[in-house]
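Hi everyone, thanks for coming. I'd like to walk you through one model today, so let me put it up on the screen.

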Amino acid sequence: MAPLPSPDLPMPVLIVEDDALMQRRIVGILGQLGYGNEALVLAGTLTEARIQLAMKSFALVLVDLGLPDGNGVELIAQMSASTNASLNASVNASVNADEGPGILVISAWSTDDLILNALRAGATGYVLKERDDLELLLSIRSVLRGGAPIDPFIARRILDLTQAPPATPGRVGEDVLTARELQILQLVAEGLTNREIAEQIFLSRHTVECHIKNIYRKLTVSSRTRAVFEARSRGLLA
């Protein structure tokens, strides 16, 4: 009998991938992290993924971009829009809300447009299929811990794209981040989790989470990766 998955693992996981061999590879990698098959849901098309998302909430979504019935960016944008609606409701009602699932793109596609569209749509991280199993495992584990893993090749492309144009200053008004928010966002950009940020700047984890929600609202984003990307594009971060 297969061992039960650890109760500490965020579950369930949605794998959106149409290639059967890649599906099995991802399932095997998740198995190394402790996931049993009962915690995994497979979808080979956008339509199947949307059906699953309508039926239940997922803690982690692994998305390929090239799918038979469309682009995985569409699915990422849909999940991001749903998360934004929940966050806005939380702010209005003064209650806590789930920040939504971690969304990791695992794709063979690496063109500039696709990279930027996926990150702008709300992807938490982006890794190429050509990486070995250990690199994919580490990227998935990073997302589970609140990180935003970016494939080294993708990171270089992002730096090239964001550093090429002159920095645009932040707009006056609600979009301007406070010194504390900029400090926290810089630590997010360095890959620290909320817990690690809280320990480093001597705040409670809840306070850090509140600051990050404010950052999301001011920058009109819904993920750590998008917040860093948007701040850099506005010249708010180096």
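Let's start with strand 3, residues 60–63, and strand 6, residues 102–107: these two run parallel and are joined by four bridges. Keep in mind as we go that this is a predicted model. If you'd like one pair to look for, find Val-61, whose bridge partner in strand 6 is Ile-103. As a quick reminder, strands of a sheet pair through backbone hydrogen bonds, either parallel or antiparallel.

Now zoom out a little. Strands 3 and 6 belong to an open sheet of five strands, ordered 2-1-3-6-7, with parallel pairing. Which strands sit at the edges? Those are strand 2, at 40–43, and strand 7, at 125–128, and each of them pairs on one side only. Going from one strand to the next, the twist averages 20 degrees.

There is a helix to point out here as well. Helix 2, residues 46–55, packs on the sheet and touches strand 1 (13–16) and strand 2. Its direction makes about 165 degrees with that of strand 1.

Let's move on to the empty spaces. How many cavities of 30 Å³ or more does a search of the whole structure find? The search turns up one, and the space in that cavity is about 40 Å³. Around it you'll find Leu-185, Val-188, Ile-212, Ile-215, Tyr-216, Arg-224 and Ala-227. Helix 7 (179–189), helix 9 (205–219) and helix 10 (224–233) are the elements that give two or more residues to this lining. Helix 9 gives the most, with three residues. By class, the cavity lining has six nonpolar residues, no polar ones and one charged.

Last stop: the second largest pocket, with a volume of about 370 Å³. It is lined by 18 residues, and the closest to its centre are Ala-148, Ile-150, Ala-189, Val-228 and Arg-232. Which helices each supply at least two residues of this lining? They are helix 6 (152–163), helix 7 and helix 10. Helix 10 has the largest share, with five residues. As for chemistry, the pocket lining divides into 11 nonpolar, four polar and three charged residues.

So if you open the model yourselves, try helix 7 and helix 10: both give residues to the cavity lining, and both supply residues to the lining of the second largest pocket. Thanks, and I'm happy to go back to any of these views.

Terms used:
Residues are numbered from 1 along each chain as its sequence is written. This is a predicted model: local features need pLDDT of at least 70, side-chain atom pairs count only at pLDDT 80 or more; totals for chains, interfaces and linings use all residues. Side-chain values use heavy atoms; hydrogens and water are left out. On a 1 Å grid over the protein atoms alone, a cavity is a set of points where a 1.4 Å probe fits but cannot get out, and a pocket is an open set with protein on both sides within 12 Å along at least five of seven lines; lining residues have an atom within 4 Å of a point. Grid points are joined across faces, edges and corners, and a volume is the space filled by probe spheres set on the points. Ala, Val, Leu, Ile, Met, Phe, Trp, Tyr, Cys and Pro count as nonpolar, Asp, Glu, Lys and Arg as charged, and the others, Gly among them, as polar. Two strands pair if DSSP finds at least two bridges between them. Axes are lines fitted to C-alpha atoms, for helices over the stretch in contact, and angles run from 0 to 180 degrees between N-to-C directions. Contact means heavy atoms within 4.5 Å.
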